[in-house]
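Q: I would like to learn how to read ligand sites, pockets and cavities. Can we work through a case together?

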Amino acid sequence: MAQRKSKKTNSNKTDCSRTGMTLIDLNRCFNEHLFYTQGRLPLSATLNDHYMAAAYTVRDRLLHRWVCTVRDFIREGVKVVGYLSAEFLLGPHLGNNMINLDIFDEVREASENVGRNLDAMLDHEEEPGLGNGGLGRLAACYLDSLATLEIPAIGYGIRYEFGIFDQEIRDGWQVEKTDKWLRLGNPWEIPRPEVTYEVKFGGHTAGYCDDGGCYRSRWTPDRVVRGIAYDTPILGYKVNTCNMLRLWKAEAVESFDFASFNVGNYYGAVHEKVYSENISKVLYPNDEQIQGKQLRLEQQYFFVSCSLQDMIRLHLAIGKSLEYFHEEFAIQLNDTHPSVAVAELMRLLVDEHHMDWDTAWHVTRNVFGYTNHTLLPEALERWPLRLFANLLPRHLEIIFEINRRFLDEVRVIYPDDEARIARLSLIDEQGERYVRMANLACVGSRAINGVAKLHTELLKTTVLKDFYELWPEKFSNKTNGVTPRRWMVLSNPGLTRLIRSRIGGGWIKKLDRLKRLESYAGDDAFRREWQAVKTGNKQALAALILERTGISVNPDSMFDIQVKRIHEYKRQHLNVLHVVTLYNRLRRNPGLDMLPRTVIFGGKAAPSYYMAKLIIKLINSVADVVNHDPAVRNRLKVVFFPDFNVKSAQKIYPAADLSEQISTAGKEASGTGNMKFSMNGALTIGTLDGANVEIREEVGADNFFLFGLTAEEVARIKSEGYDPRSIYLSNPDLREAIDLIGSGFFSRGDPDLFKPLVDSLLYQDEYMLLADYQSYVDCQDRVSEAYRDRDRWTRMAILNVARMGKFSSDRAIREYCREIWRVSPNTVEMEDFGDLVR
Ligand code: Z16
């Protein structure tokens, strides 16, 4: 590449002004792509053609920054973050890149010039749904903040051909549809057919003596798969830094086909190809519960191995020795999904790069950090030893060796404490043997963190207690955050404009500056404008609800929204009990002066999670009855919004009045939807769980609707023996609500349909809905009262937004950078490539 003189540019100017791009240039580029990329004349261009032309036009603006950023990845002294995650829930790119390039208005005008409405194009984009929920979306927010803070970083993951399924609702039930997100092509990715690595599976190991007389292990696999890199540029907000997300696609290794081909086994060769490509075929749709499928372990190992090999190649490219690998890279394990990386890095260093064990272990232990995202026992990953041994025989040897050395150390510190040693062991030996991935991650990492204050404290006293006692200095908290670029600027332009009109735009990068809005909470004119923005957002959502569900809702009613994955611990059915309670009040007293509410639900259930799917059916069944009962007279509406995803989330959060964050205390590690709602001016009704605790701390107890047991109380009551039935028997309103569901009232007279749900509440109630019911209903009554005083409500909403600064993912990433990764910003200098670059 011809390199001309290097030129420093002003990073506060937009691309348009920086490179001298004008609207005319943008229009020309747009039309060129329409013609040369899509092969269309303006008159015959479809919506997709226009979208593609717009996407390529915007992508072109990213590439100059990208090549300059990537150039610095292999510059000595620039430490790079490698963020390993099985999921990245990115959401649509076009609008976000336009925001970060600061060319939103210009592109809008350019598209109007070709006779196409920008919003139609934005709506047309298929989102990459390469994640389940919170964890995947967090990874996406973190990539945005890393780039915005000018931290050199690479996200590593899997290029699933099919992401999280599309949800349809038929007869009230969830139906899963394959997510064919690549059907129309993906203009945001750049395939790198020359960046490939081989990944071995299965087979056996054998010991041998190397030239120096050292005992070594040689792994002879029975399968080899190739990973191919697909890169997506990740631009920061108004900076030159454009990092990359590198996702791996699995392909067959040709030499393996040929072996079969030569003996005439054509079918076998093709089978091998199909088999290999299976690895990156589909995202496992389970959130917070493990399935233990071999293919899932294959996926994990596949992307981890490709990613580590890639980082090693980059490291060697700067000419430094691998014993300094941890000085050039900081690798974060997003949950235990990539934790086999600990064994794989050891294997690469010891077996492939002939490093001695102690040096390799020093490097490994200093390069990794591990983030835990859950306390739920069913979500803690363990792999049956058999399965692990068959797929990764060499890694099991390495894990045994790590474990042997580790437990030797433990025995010195805790002599004769066999119970503790058994708990710390990387191998679970009670009954069937398992490899414990969280233990592997803890032993192999320099830093371990939880995702909210409460969660981190609970980690230290429960699931990771023994590790905390062993290495307290490794533990820290990193409360989650979300990016205000996507979750405010892009999704809520009305609010953004209003805030800008008073305090400028500095808050978009320094969210703490929203504090300056506090003084406007008492300003009548500001409050009226605020309400107008909210009403506009509610009207837009009402139109979308009508389009998607056929239900018409009243934008003047309170929009009470719970959107998140469906899970018993998140207690969507507690919300339903409240709806039924309100409904019973209306049936009892048809003239009741009740604050009109629209209760909106959204979220996907894991396809194999029966109770979660039954909860969806329950919501839809209650909705059917309530929405059609003339006695209700528009005082209560219930909506299940189908196929909740990033795209619809961007229209839902801005329209909420009330945010439902009602998990059983101690169960939600953090939550991030809670932050998105509050940033968009919704008030929260919630328990003291996850980040709710800190949100309440920040916005003030007066501006937060708190109810329910604390995590401590939950644990105490559980240990003393919890009896949901006695609560049911002693609370008439609760009994009436449960009985109505149990009677078949919402299921066309069929008492069996919801029996499993009702029984689980009456006889187990693992998540203590009944214990929190009255406190929740009372709290909801306070909510309704507060909403009647619209000025007071708006004041509270303004204060919520003003005090959300802490929950920017920029703050979270700064903490990771300083306290875990020890990386600092690298200002990307733009290089003038002369005629090469427009
Ligand atoms: C997930 O989304 C989360 C945890 C987990 O173990 C697996 C998945 Cl797929 C979520 C937590 O439930 C949520 O509380 C948290 O905010 C989010 O991870 C990000 O940390």
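The dialogue below takes up the ligand, then the largest pocket, then the cavities.

Q: What should I know about the model before I start?
A: This is a predicted model: local features need pLDDT of at least 70, side-chain atom pairs count only at pLDDT 80 or more, and totals for chains, interfaces and linings use all residues. Residues are numbered from 1 along each chain as its sequence is written, and side-chain values use heavy atoms, with hydrogens and water left out.

Q: Which residues come nearest to the ligand?
A: A residue is near a molecule if one of its heavy atoms lies within 4 Å of it. Here 15 residues surround the ligand, and Glu288, His373, Asn480, Glu668 and Gly671 come nearest. Domain 2 (77-92 + 127-480) and domain 3 (484-602 + 614-646 + 656-807) each give at least three residues to this shell. Those bounds come from an automatic or database domain assignment.

Q: What polar atoms lie by the ligand's oxygen atoms?
A: Look for polar contacts, pairs of N or O atoms within 3.5 Å. A polar side-chain atom of Asn480 lies 2.8 Å from a ligand oxygen. For Tyr569, a polar side-chain atom lies 3.3 Å from a ligand oxygen. Ala669 uses its backbone: an N or O atom there lies 3.3 Å from an oxygen of the ligand.

Q: How much of the ligand does the protein bury?
A: Accessible areas come from the Shrake-Rupley method with a 1.4 Å probe. Alone, the ligand exposes 450 Å², and the protein buries 96% of that.

Q: What is in the largest pocket's lining?
A: On a 1 Å grid over the protein atoms alone, a pocket is an open set of points with protein on both sides within 12 Å along at least five of seven lines; lining residues have an atom within 4 Å of a point. The largest pocket holds about 1,000 Å³ of space. Its lining has 35 residues, with Phe104, Val489, Leu490, Ser491 and Pro493 closest to the centre. The lining divides into 15 nonpolar, eight polar and 12 charged residues.

Q: How many cavities does a search find, and where does the second largest lie?
A: In a cavity, a 1.4 Å probe fits but cannot get out. The search finds 12 cavities of 30 Å³ or more. The second largest has a volume of about 170 Å³. Among its 14 lining residues, Leu90, Asn96, Asp144, Ile234 and Arg486 are closest to the centre. Domain 1 (22-76 + 93-116) and domain 2 (77-92 + 127-480) both give residues to the lining, so this second largest cavity lies between them.

How values were computed. A polar contact is a pair of N or O atoms within 3.5 Å; within protein, one must be able to donate a hydrogen and the other to accept it, and residues adjacent in sequence count only if both atoms are side-chain atoms. Grid points are joined across faces, edges and corners, and a volume is the space filled by probe spheres set on the points. Ala, Val, Leu, Ile, Met, Phe, Trp, Tyr, Cys and Pro count as nonpolar, Asp, Glu, Lys and Arg as charged, and the others, Gly among them, as polar.
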